[in-house]
Every structure is written in structure tokens, then in C-alpha cells.
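Subject: Structure handover

Hello,

Here is the structure, with the sequence alongside. My notes on it follow below.

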Amino acid sequence: MTRAKNVVELACSECGKKYDAAVEQHLCSCGQPLLARYDLKRAAATLNLGALANRPGTLWRYEEVLPDGELVSLGEGMTALLAAPRLGGAIRVPRLYVKDEGLNPTGSFKARGMTAAVTRAKHLGAKALAAPTAGNAGGALAAYAAAAGLPAVIAMPADTPAANVMECNAFGAKVVMIDGLISDCGKYVAENKDREGWYDVSTLKEPYRVEGKKTMGYELWEQFGGELPEVILYPTGGGVGLIGMCKAFDEMQEMGWIGTERPRMVAVQAEGCAPIVRAWVAKKDSAEFFANAATMASGLRVPGPLGDRMILRMLRQTGGTALTVSDEEMLADGKQLASLEGIFAAPEGAATVSAARKLAASGWIRSEDRVVLFNTGTGYKYAEAWGRALQE
């Protein structure tokens, strides 16, 4: 199915420079990410709670505010929003919910970004796709590339969890293992993409992964009956999910769905890789590269996130905050999440439990707040980390 043109233009997230969305675009000339813009007045004419009641249970139910192209979909989105009363009682957050992104295809929220990015890349004539990954994004890209009938090249750190490597190979992608961090994998893709003819699907280096991930914000609004929670805790590596949800809230306001109120956004990082938290504490507008990054939560091991300026700006605009948790804390709280609520989370998702515990103890989270923790992936993809934790 090919849909009407939705994306009106692309605009730089920093300087505002406009770009033609009808051709392949990546970063702005100033080096910052581009964001898709829509005719939201037109979208609002057909996109509302009443219309959504009769639409398919995937993220493409919000088609008016998603990129154009023949859909490459594996049934992603509309993941469960689960009340977590027992865990909430244990960490003193009585109105606690978990949005379980581990229920997506390939087991993580990365499926959201890749369905949108691959749909658009194929529409724009891409012949091969490539991206660096700390794990889950690679599996998602490999799966959606396979569904699109396109080859994919995945550059991964040598210590990427085995499940991620296996799934990429199973989907037929070319896997390149690199000694180093995701930043080193990014250099590999950047140095080879022009010569090899790859369409670069790196985080925020194309405008459409953020579009798929913003649907997490739309789903929260729908699942809360046309309202938004007071607090959202999000594990933040590249930060595209956080950026996307804030973009969704701005679009909702422009369509008249909500007012100026926003959930207080919380960026949760690992102690061993916390460029956003370090910048937040120092009250800076951008983050510095985090040297010697180390955490077993591979999705949080992003030492130099390209979206740092947007993340920090959105935390300020929503009255949010940023904090770190240790690997030990996230594993202990991941076990508690599993045993109390039956949710087997990735370490990144478990980190939000630890963060919520700290923010409740300090009074930053209030007893009346509806608090949503994002589990961004399934624990089944982290056999090595969980194996160590469960032996302790």
C-alpha cells in the first residue's frame, strides 16, 4: 500500500535550515540532525481517538504523521502498557506503569525506528543499508532490510551480545565485528558508505528512525485515554526515543490534542557511560565525549550521542532531569521487576527501575504522579549479563 505524501519538508533541529524531503537527506550542513515536518492541520482532520478505534494495532495506525512509502512492516508498535503495583509498592511509586518495548519484533523498541527508516529508504531508492549498532538496532535493521528485500551491513563492537550477532546473521546481513565502541563502528560506516553505495541508517544521521520511535508518545496518549502521564523515565544511549516522544508531544499540541503541559522526561544512563548526565549536572547545552565508556547495558554504551543538544534542551523544556545508575543496581532491580511483575527486561529497561527508586526517595517523584518506565528491550537478548547476575 502506498499512501499520500505526508512529509512536507525536513528542518534542521538546531539552525532550522529547510531541506527537500523528496530526495535522500542525512545531516544538515551545520552537522546537526534533520527532523521531518508534516501538515498537521491536514493530519488532525482524520487522526483522532475515534478514528484510531478502527485502525490496525501497529504504529502505522498514526499514518498521517509518519513518512511516506510502501510499508515495510513486521507488526511493530502498540506494545503493552502494564500497571506495576507490586513493584510500585516496593520502590514507593504507587502509580507505576511499564511500557514493554521488548514485545516488538526483534525484541526491542528499535523495530519502531527501523520500520519507518527502511520504508522511507526504499521509497527513496536505497540499494543497500548500513548502520553501526551496540546490539538491538542491528538486529532490527537486518530484519527490516530482509523484509524490504535489501542487503544490509551491520558494524558491531566485538563484545556485542551473542543473540544480536546471531539474529543479524540469520536475517542475511553482512556483519562486521570491530574492536571498540559504537563510535568506532560509526567511523567504519562513515568511511565506507560513499564508496560502497550504502544508505546510512545511523542514529539521527537520517531523519526517519526518530519518526518511528515518536509513536511511543502517541501510544501513551492513546493508552491513557487521551491524557499523558506526569513522568516518563527513559534509558538514554542515543536518546532517539526521548527525542521522538517530545516531538510527538509538540505535534499533538499543534493538532489540538493536548495543551502546553508535558510529562517530566528523565534520561537514565549508566554510571560507566553518562555523557548526558555529566552535561546536565554541569548545566551545559551539549555533551562531551565520554572516554573509556563501559557498561554491560550495551544500549547505554554510547559515549558521544549525536542528539545531545536536543536531549538536554528537551529535559529542560519538560522540567525533567538526568541521573545515573550502576550496573549492579540495574541487575538487582531487573530481578525485582521480573519477580514482582513478570516482566523480563533488558538491563537498559531495568535501569529505569533503579532511577525511579532514587527519584521517589528524594521526593522528585510525587505519590500522585503517574510514572511510566520504558523497558526498551527483552531480557532474553542479554543471556550473558543475566547469567552473571543470577549467579550472584
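In this predicted model, helix α13 (residues 327-341) and helix α15 (residues 383-391) pack against each other with their axes 10 Å apart and at an angle of about 85 degrees. Angles from 65 to 115 degrees count as roughly perpendicular, so that is the description for α13 and α15. On the α13 side the contact is made by Leu331, Gly334 and Lys335, and on the α15 side by Ala385, Trp386, Ala389 and Leu390. Sorted by class, these are five nonpolar residues, one polar and one charged.

A second helix pair is α9 (residues 215-223) with α10 (residues 240-254), whose axes come within 7 Å and cross at roughly 55 degrees. That angle makes α9 and α10 oblique to each other. From α9, the residues involved are Met216, Gly217, Tyr218, Leu220 and Trp221; they meet Gly241, Met245, Ala248, Phe249, Glu251 and Met252 of α10. By class, the contact between α9 and α10 has eight nonpolar, two polar and one charged residues.

Next, the sheet. It is open, has four strands in the order β8-β7-β6-β9, and the pairing is parallel. The edges are taken by β8 (174-178) and β9 (199-200); each has a single partner strand, so one side of each is left without a neighbour in the sheet. Strand β7 (residues 152-157) runs parallel to β8 and is joined to it by five bridges. Within that pair, valine 153 is opposite lysine 174 of β8. Helix α5 (residues 136-148) packs on the sheet, where it touches β6 (129-132) and β7, and its direction makes about 170 degrees with that of β7.

On the interior: the largest nonpolar core has 88 residues, and Leu129, Leu141, Leu242 and Met245 have the most contacts inside it. Leaving out residues up to four places away in sequence, leucine 129 touches Val118, Ala121, Leu141, Ala145, Leu150, Pro151, Ala152, Val153, Tyr199 and Val201. There is also a second, separate core of 36 residues, which includes Ile91, Val231, Leu373 and Ala385. Two of these names have come up already: Met245 is in the α9 and α10 contact, and Ala385 is in the contact of α13 with α15.

Glycine 113 is in helix α4 (residues 110-123). With a relative accessibility of 0%, glycine 113 counts as buried. Its C-alpha atom is 7.0 Å from that of tyrosine 208, although the two residues are 95 residues apart along the chain. Apart from neighbours within four places in sequence, glycine 113 is in contact with Tyr208, Arg209, Gly212 and Lys213.

Finally, two backbone angles to look at. Methionine 78 is not a glycine, yet has a positive phi of about 50 degrees. It sits in the loop between α2 (49-52) and β4 (81-83), and its relative accessible area of 25% makes methionine 78 partly exposed. Arginine 92, also not a glycine, has a positive phi of about 65 degrees. Its place is the loop between α3 (85-91) and β5 (96-100). Is arginine 92 buried or exposed? At 72% relative accessibility, arginine 92 counts as exposed.

Regards

Key: Residues are numbered from 1 along each chain as its sequence is written. This is a predicted model: local features need pLDDT of at least 70, side-chain atom pairs count only at pLDDT 80 or more; totals for chains, interfaces and linings use all residues. Side-chain values use heavy atoms; hydrogens and water are left out. Two strands pair if DSSP finds at least two bridges between them. Contact means heavy atoms within 4.5 Å. Axes are lines fitted to C-alpha atoms, for helices over the stretch in contact, and angles run from 0 to 180 degrees between N-to-C directions. Angles under 35 degrees count as roughly parallel, over 145 as roughly antiparallel, 65 to 115 as roughly perpendicular and the rest as oblique. Ala, Val, Leu, Ile, Met, Phe, Trp, Tyr, Cys and Pro count as nonpolar, Asp, Glu, Lys and Arg as charged, and the others, Gly among them, as polar. A nonpolar core is a set of buried Ala, Val, Leu, Ile, Met, Phe, Trp, Tyr and Cys residues joined through side-chain atoms within 4.5 Å. Buried means under 20% relative accessible area, exposed over 50%, partly exposed in between (1.4 Å probe, protein chains only).
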